[in-house]
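Here's a walk through one protein model, written for someone who'd rather be at the bench than staring at coordinates. Have the structure open and follow along.

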Amino acid sequence: MEKLVSYRHNTIQINSLEMFLGVKGGYNHAVRDVYFVRALGEDSGYSDKICQADRRMGAEMAKGRLRYVRLKSLPQLSKAEDAAFYAGIYDGWRQGGKINLKNISMTDAFANALSVGLTDTLGKYQSQKKQVSESMLRNCAVKYLFWLDTMLKDVLSGWSEGNCMKILAEGVRKEQEYLFYYLVTLLGCDIILLENQKDVEISQELKNLSQELILGPFGTSNLPVYSPYVPQTEQSSVRVTIPERNRHKNHQPASVAQNNRQNSPISPVRQPSAGHTASVHRGNMEKTFEELAQLASSIVMIAVHDSRHEVIGTGSGIMIGRGGYILTNDHVVSGGRFFSVRMEDDEEIYPTDEIIKYNYNLDLAVIRISRQLNPLPIYNGAQKLVRGQKVVAIGSPLGLFNSVSDGIISGFRNIRNVDMIQFTAPISPGSSGGAVLNMQGEVIGISTAGFDDGQNINLAVSYEDIRMFARGFY
């Protein structure tokens with residue numbers, strides 16, 4: 001008999017809309033992590049941020065990475081034929097039959113998940129009423145089946161336990177609507193309720209099913225109607241591109257064409273102020289290269305597998321949380337069906353399909369394995385990084401596990417609105433996701449990209465973005 005999936009809610013505190021969009025619930029050992037959040041009030045630029053979320057999620061959908069929709073409201077079940085159809089489905093289910101919807105293909109796994117979720121949700125609805133008749137339960141269930149089959153058919157079609165599905169729902173006011181979205185989380189969807197004008201009017205017991213995210217005071221903004229976004233083809237003038245998704249056996253650093261270099265120069269950022277030298281952090285003891293090399297035990301090699309279990313790429317990763325959390329590049333893990341992680345002084349290989357969080361623009365992702373780890377500290381920015389400062393890079397170039405190289409910071413660049421560190425420590429395909437360390441052994445960057453037609457001109461996402469992205473893991 002097929003093992004039923006169970007759902008675990010809100011394992012990580014969501015502290016922004018950006019974090020909600022980027023987090024992906026893990027699925028391991030028939031347990032799926034999902035997120036159910038109430039975003040209360042408005043912050044600055046609220047409407048623009050929601051529209052940006054629509055565009056970002058549209059771009060992710062175009063890559064086949066997730067399903068997404070923003071819902072304005074749930075429709076009334078006004079047609080008698082629709083009411084009769086879904087009532088018949090409910091009656092058949094109550095008599096022991098399988099749920100079969102009209103617009104969503106129903107695999108046995110999905111039908112089982114829906115059956116378990118509907119039972120749970122109706123039980124919570126019933127617990128809020130002093131007296132609930134069978135007719136009331138039936139009417140509630142019929143609405144839920146109708147809403148699933150009409151409003152979420154594109155999100156739920158082709159359902160599987162591992163799908164990443166995200167829904168933004170506006171202005172939920174009623175108990176039945178709120179519980180409907182709770183039901184949807186039991187199908188593996190991450191839900192954020194956009195309650196910018198007022199909170200939903202339900203009991204505290206039901207509110208406790210979701211996590212509160214306070215954006216600001218309640219306001220009056222009305223969001224534009226959602227329409228699926230079709231991303232435009234990226235312009236050829238882009239200076240540096242992140243490597244294509246898992247096309248090669250080893251992830252290639254980003255290539256830069258000569259004519260693009262002439263027409264679209266990289267803009268420097270964060271110039272050092274007068275008086276700064278490469279000898280920063282003198283308050284902390286510098287480590288020798290031999291001591292820094294020993295930190296390779298906190299750097300892992302990641303093999304990326306497709307659905308046939310074949311290795312389609314390799315990369316590196318940095319231990320950032322004791323609970324199994326590993327930071328890597330988004331381009332390393334995107335497109336993979338699952339991953340296997342190797343580390344020094346451990347013969348075991350750790351498989352996982354848990355991408356806990358990712359951000360395409362920053363090219364960062366967090367995966368999780370079932371093992372306690374020894375994380376590296378992330379630099380806290382006590383003093384600015386400067387050109388000429390010594391660094392060490394650790395990764396697995398060309399599959400050569402945990403190679404160590406040294407160099408200096410040679411510049412600071414802004415690539416597609418992301419601040420990056422340019423450094424000279426040699427890296428090669430497979431180094432992506434590896435650590436760039438200062439001489440105190442702190443992570444100041446994560447190796448991300450480089451120039452194919454230059455020597456030792458390499459780029460790393462800076463510690464500022466790492467700290468923001470990985471907050472809550474380290």
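Let's start with Ala435, which sits in strand E20, residues 435-437. This is a predicted model, so keep that in mind throughout. Is Ala435 buried or exposed? Its relative accessibility is 0%, so Ala435 counts as buried. What does Ala435 touch, once you leave aside its neighbours within four places in sequence? The list runs Ile299, Ile318, Leu376, Val392, Ala393, Ile394 and Gly445. There's also a long hop along the chain to look at: Thr328 is 107 residues away from Ala435 in sequence, yet their C-alpha atoms are separated by 9.1 Å.

Now zoom out for a moment. The protein has 474 residues, and 54% of them are buried. Its secondary structure adds up to twelve helices and 22 strands. Of the contacts with a separation of 6 or more, 72% are between residues 24 or more positions apart.

**The helices around H4**

Helix H4 covers residues 108-127. Does its length come out as expected or not? With 20 residues at 1.5 Å a residue, H4 should span 28 Å, and its end C-alpha atoms are 29 Å apart, which agrees. The buried residues of H4 are Ala109, Phe110, Ala111, Ala113, Leu114, Gly117, Leu118, Thr121, Leu122 and Tyr125. What do they pack against? The partners are strand E1 (6-9) and the helices H3 (80-94), H5, H6 (153-156) and H7 (175-185).

Here are three helix pairs side by side.

| Helix pair | Angle between axes | Distance between axes |
|---|---|---|
| H4 and H5 | about 135° | 11 Å apart |
| H4 and H7 | roughly 150° | within 9 Å |
| H3 and H5 | about 110° | 9 Å apart |

Take H4 with H5 (residues 134-151) to begin with. At about 135°, the two helices are therefore oblique to each other, and their crossing is right-handed. On the H4 side the contact is made by Leu114, Leu118, Thr121, Leu122, Tyr125 and Gln126, while H5 brings Met136, Leu137, Cys140, Ala141, Tyr144, Leu145 and Leu148. Sorted by class, that gives eleven nonpolar residues, two polar and no charged ones.

Next up is H4 with H7. Their axes cross at roughly 150°, which makes H4 roughly antiparallel to H7. This crossing is right-handed. Leu114, Gly117, Leu118, Asp120, Thr121, Lys124 and Tyr125 of H4 meet Glu175, Gln176, Leu179, Tyr182 and Leu183 of H7. Which classes turn up in this contact? There are six nonpolar, three polar and three charged residues. H7 itself is mostly covered, with eleven of its eleven residues buried. Charged side chains are included there: Glu175 and Glu177 are among the buried residues of H7, along with Tyr178, Phe180, Tyr181 and Val184.

The last pair is H3 with H5. The angle of about 110° makes H3 roughly perpendicular to H5, and H3 passes H5 in a right-handed crossing. From H3, the contact uses Asp82, Ala83, Tyr86, Ala87, Ile89, Tyr90, Asp91 and Arg94; from H5, it uses Glu134, Leu137, Arg138, Ala141, Val142, Leu145, Phe146, Asp149 and Thr150. The split here is ten nonpolar, one polar and six charged. Leu137, Ala141 and Leu145 of H5 appear in this contact, and they also appear in the contact of H5 with H4.

**Two aspartates with a positive phi**

Most residues other than glycine have a negative phi. Asp345 goes the other way, with a positive phi of about 60° although it isn't a glycine. Where does Asp345 lie? You'll find Asp345 in the loop between strand E13 (338-343) and strand E14 (346-352). Its relative accessibility is 78%, so Asp345 counts as exposed.

Asp363 also isn't a glycine, and it has a positive phi of about 60°. Asp363 lies in the loop between strand E15 (355-359) and strand E16 (364-368). Is Asp363 buried or exposed? At 1% relative accessibility, Asp363 counts as buried.

Notes
Residues are numbered from 1 along each chain as its sequence is written. This is a predicted model: local features need pLDDT of at least 70, side-chain atom pairs count only at pLDDT 80 or more; totals for chains, interfaces and linings use all residues. Side-chain values use heavy atoms; hydrogens and water are left out. Axes are lines fitted to C-alpha atoms, for helices over the stretch in contact, and angles run from 0 to 180 degrees between N-to-C directions. Helices (H or I, at least four residues) and strands (E, at least two) are DSSP runs, numbered from the N terminus. Angles under 35 degrees count as roughly parallel, over 145 as roughly antiparallel, 65 to 115 as roughly perpendicular and the rest as oblique. A crossing is left-handed if the near helix is turned anticlockwise from the far one by less than a right angle, and right-handed if clockwise. Contact means heavy atoms within 4.5 Å. Ala, Val, Leu, Ile, Met, Phe, Trp, Tyr, Cys and Pro count as nonpolar, Asp, Glu, Lys and Arg as charged, and the others, Gly among them, as polar. The expected span of a helix is 1.5 Å times one less than its number of residues. Buried means under 20% relative accessible area, exposed over 50%, partly exposed in between (1.4 Å probe, protein chains only).
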